[in-house]
Amino acid sequence: MAGRIRRMWDALRRPPVRMSLGAVLIIGAVSAWVAWGSFVYVIEETSTNNFCANACHEMNISFAEYSKSIHGHNRTGVTATCADCHIPHTMVKKVIRKTEAGFTDVMGKISGVIDTPEKFEAHRMAMAEKVWADMKKNDSRECRFCHDRKKMDAEQQGSMAQRKHATAVEQGKTCIDCHQGVAHNLPEEPEPAPAPDTTAPPAEGSAAPDAATPPTPQT
Ligand code: HEC
Ligand code: HEC
Ligand code: HEC
């Protein structure tokens with residue numbers, strides 16, 4: 001056993017075929033090129049709409065909604081792909097995001113968290129909140145990859161858009177703060193808490209009934 005390992009080690013150290021440095025460099029460069037090409041191929045093939053929409057049937061709902069949205073079907077035929085909005089456009093960030101998605105999506109697939117339309121709806125708010133949080137954190141970077149604030153012609157926009165866009169940055173607002181649901185249906189609001197029973201007379205010493213209703217959230 002020890003003898004065999006030793007022989008293998010010797011063969012590695014002193015290969016029986018002698019090669020010139022040039023040949024070693026060329027073989028190294030070709031291998032690196034093939035490895036890089038395969039890597040890029042896998043990244044690109046797993047970032048197409050076809051892969052994102054069909055690799056898991058769970059994504060059929062997202063794809064159907066997207067296909068009817070302005071980003072999937074419009075007058076000019078210029079559209080955004082799933083990856084355009086959900087995966088960073090630079091290589092390092094892209095690989096990090098895809099590794100992360102590989103873990104969460106494969107675990108999700110195995111555990112079946114969203115494998116029926118009902119489960120998908122029940123989980124939609126949580127999934128959407130994750131996307132919103134990421135976009136808030138990076139100033140809607142993926143949106144801005146296509147929509148450049150500086151290149152927007154305010155004069156061609158509606159008056160509401162002009163007003164909002166003019167002050168958005170100084171108010172610390174990013175695209176996703178105002179434009180949610182640009183490719184999918186929005187999650188349903190959770191059911192409001194049942195209204196307090198106003199028919200029963202307030203108990204002695206208790207506050208007025210409307211003090212029991214939760215405050216309306218500030219928008
Ligand atoms: C790949 C490029 C691309 C990306 C990424 C992208 N968009 Fe768009 N978006 C477009 C195009 C193209 C249109 C115009 C479609 C048309 O009207 O022909 C558009 C239209 C819009 C509109 C106008 C909607 C309307 O009803 O007129 C809004 C708002 C918008 N995008 C917001 C966003 C937001 C928010 C994001 C990020 C979550 C985003 N976009 C990401 C390309 C993109
Ligand atoms: C403070 C809120 C706010 C922010 C932040 C904001 N928008 Fe808007 N935007 C609006 C409103 C309001 C409209 C007009 C109503 C609509 O089309 O939804 C609008 C309209 C648009 C339109 C359609 C313009 C038209 O007249 O056809 C596009 C495209 C758009 N926004 C893209 C963006 C992008 C990209 C960002 C981030 C760089 C952004 N918006 C940030 C509020 C905002
Ligand atoms: C224009 C940008 C854009 C495109 C294109 C897009 N998405 Fe989204 N996606 C979003 C945003 C923004 C959210 C967060 C919820 C919202 O605002 O609708 C989201 C949310 C989701 C969610 C969480 C569930 C939900 O509905 O909120 C899934 C899953 C998803 N997208 C998958 C996809 C798939 C698959 C595609 C391609 C078929 C796609 N997305 C194309 C912007 C986009």
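With 21 C-beta neighbours inside 10 Å, does S140 count as buried or exposed? S140 counts as buried, because 21 C-beta atoms surround its own inside 10 Å; the cut-offs are 20 or more other C-beta atoms within 10 Å for buried, 12 or fewer for exposed and anything in between for partly exposed, with C-beta atoms placed from the backbone. The structure is a predicted model, in which local features need pLDDT of at least 70, side-chain atom pairs count only at pLDDT 80 or more, and totals for chains, interfaces and linings use all residues. Residues are numbered from 1 along each chain as its sequence is written, while chains are lettered from A and ligands numbered from 1 in the order in which they are written.

The protein holds 10 helices and 0 strands, and its pattern along the sequence reads α-α-α-α-α-α-α-α-α-α. Helices (H or I, at least four residues) and strands (E, at least two) are DSSP runs, numbered from the N terminus. Of the 219 residues, 5% are buried. Among contacts between residues at least 6 apart in sequence, 61% join residues at least 24 apart, a contact being two C-beta atoms, placed from the backbone, within 7 Å.

Confidence comes next. The mean pLDDT of the protein (the predictor's confidence in each residue, from 0 to 100) is 88, and 86% of the residues reach 70 or more. Among the elements, helix 10 has the highest mean pLDDT, 98, and helix 1 (residues 2-13) the lowest, 85. Over residues 205-215 pLDDT stays under 50, and the model has 8 contacts beyond four places in sequence for this stretch. Helix 1 is hardly covered, with 0 buried residues among its 12. Its end C-alpha atoms are 16 Å apart, which agrees with the 16 Å that 12 residues should span at 1.5 Å a residue; the expected span is 1.5 Å times one less than the number of residues.

Now for the ligands. Around ligand 1 there are 19 residues, the closest being N74, A80, C143, C146 and H179; a residue is near a molecule if its C-beta atom, placed from the backbone, lies within 6 Å of it. Helix 5 (82-86), helix 8 (141-146) and helix 10 (175-178) each give at least two residues to this shell, and helix 8 provides the largest share, 4 residues. By class the shell around ligand 1 has 10 nonpolar, 6 polar and 3 charged residues, where Ala, Val, Leu, Ile, Met, Phe, Trp, Tyr, Cys and Pro count as nonpolar, Asp, Glu, Lys and Arg as charged, and the others, Gly among them, as polar.

Ligand 2 has 18 residues around it, of which H147, Q157, A161, C175 and C178 come nearest. Two or more residues of that shell come from each of helix 8, helix 9 (159-168) and helix 10, with the largest share, 5 residues, from helix 9. The shell around ligand 2 has 6 nonpolar, 7 polar and 5 charged residues.

Some loop residues round off the picture. I87 sits in the loop between helix 5 and helix 6 (91-111) and counts as partly exposed because it has 19 C-beta neighbours inside 10 Å. Not counting residues up to four places away in sequence, I87 touches S47, K94, R97 and K98; the C-alpha atoms of I87 and R97 are separated by 6.5 Å. D139 lies in the loop between helix 7 (117-137) and helix 8, as does S140. Although not a glycine, D139 has a positive phi of about 55°, and S140, not a glycine, has one of about 50°. With 14 C-beta neighbours inside 10 Å, D139 counts as partly exposed.
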